[in-house]
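These are my notebook entries on a single structure. I looked up cysteine pairing, then a pocket and two of the residues that line it.

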Amino acid sequence: DQCEYESTKKYLLTIHSKAMHQNIKYICNTCGHQSSRKRDLTRHHQAVHEKKIFQCKACDFQANWKTALNQHHQTIHEGKRYHCSECNHQATTKSNLTKHKMA
């Protein structure tokens, strides 16, 4: 045990270990931005250096990441909500529902 970090997801523990204990970093060749995950470096490069934009086909919304566009489409155009099992609260993302439950 190198620290007190805990996670129920093995992949998050691996990411944490690489970034914090093995000092594995992915570095942008253009600006020097550092990331502990290759995926995040790819997203950084697309958004910052390539100015890649994902356009919603149903409205004027634009996003730098495809996941953001997908989330927009699900919540705005499909009405997807995450329901709290303890009250009537509805969240637009799983992370917002988790924050709600922890409050």
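Entry 1, disulfides. I searched this predicted model for disulfides and found 0. I then checked individual cysteines. C31 is in no disulfide, and its nearest cysteine sulfur, that of C28, is 3.9 Å away. Because a disulfide requires two cysteine sulfur atoms within 2.5 Å, the C31 to C28 distance of 3.9 Å does not qualify. I recorded C31 as partly exposed, at a relative accessible area of 45%. C84 is likewise in no disulfide; for C84 the nearest cysteine sulfur belongs to C87, 3.8 Å away. I recorded C84 as buried, with a relative accessible area of 9%.

Entry 2, the largest pocket. I noted a volume of about 370 Å³ for the largest pocket. Which residues line the largest pocket? I listed T67, A68, Q71, Q74, T75, K80, Y82, T92, T93, K94 and S95. Two elements, α3 (66-77) and α4 (94-102), give two or more residues each to this lining. Helix α3 provides the largest share, 5 residues. By residue class, I entered the lining as 7 polar, 2 nonpolar and 2 charged.

Entry 3, K80. I took K80 from the pocket lining and placed it in the loop between α3 and β5 (82-83). Is K80 buried, partly exposed or exposed? I entered K80 as partly exposed, because its relative accessibility is 34% and the partly exposed class lies between 20% and 50%. Leaving aside residues up to four places away in sequence, K80 touches Q74, T75 and T92. Those three contacts of K80 also appear in the list of lining residues. I further noted that K80 and Q90, 10 residues apart in sequence, have C-alpha atoms 9.5 Å apart in space.

Entry 4, T75. I turned next to T75, a lining residue of the largest pocket that sits in helix α3. T75 is buried, since its relative accessible area is 9% and the limit for that class is 20%. Where does the side chain of T75 find backbone oxygens? I found the backbone oxygen of Q71 at 2.9 Å from a polar atom of the T75 side chain, and the backbone oxygen of H72 at 3.3 Å from a polar atom of that side chain. With residues up to four places away in sequence not counted, T75 touches K80, R81 and T92. I closed the entry with T92, a residue that is touched by K80 and by T75.

Key. Residues numbered from 1 in each chain as written. Predicted model: local features only at pLDDT ≥ 70, side-chain atom pairs only at ≥ 80, totals over all residues. Heavy atoms only, no water. Buried < 20%, exposed > 50% of the residue type's maximum accessible area, 1.4 Å probe, protein only. 1 Å grid on protein atoms, 1.4 Å probe; cavity = no way out; pocket = protein on both sides within 12 Å on 5 of 7 lines; lining within 4 Å. Points joined across faces, edges and corners; volume = space filled by probe spheres on them. Helix = DSSP H or I, 4+ residues; strand = E, 2+ residues; numbered from the N terminus. Nonpolar A, V, L, I, M, F, W, Y, C, P; charged D, E, K, R; others polar. Contact = heavy atoms within 4.5 Å. Polar contact = N/O pair within 3.5 Å; in protein donor to acceptor, adjacent residues only side chain to side chain.
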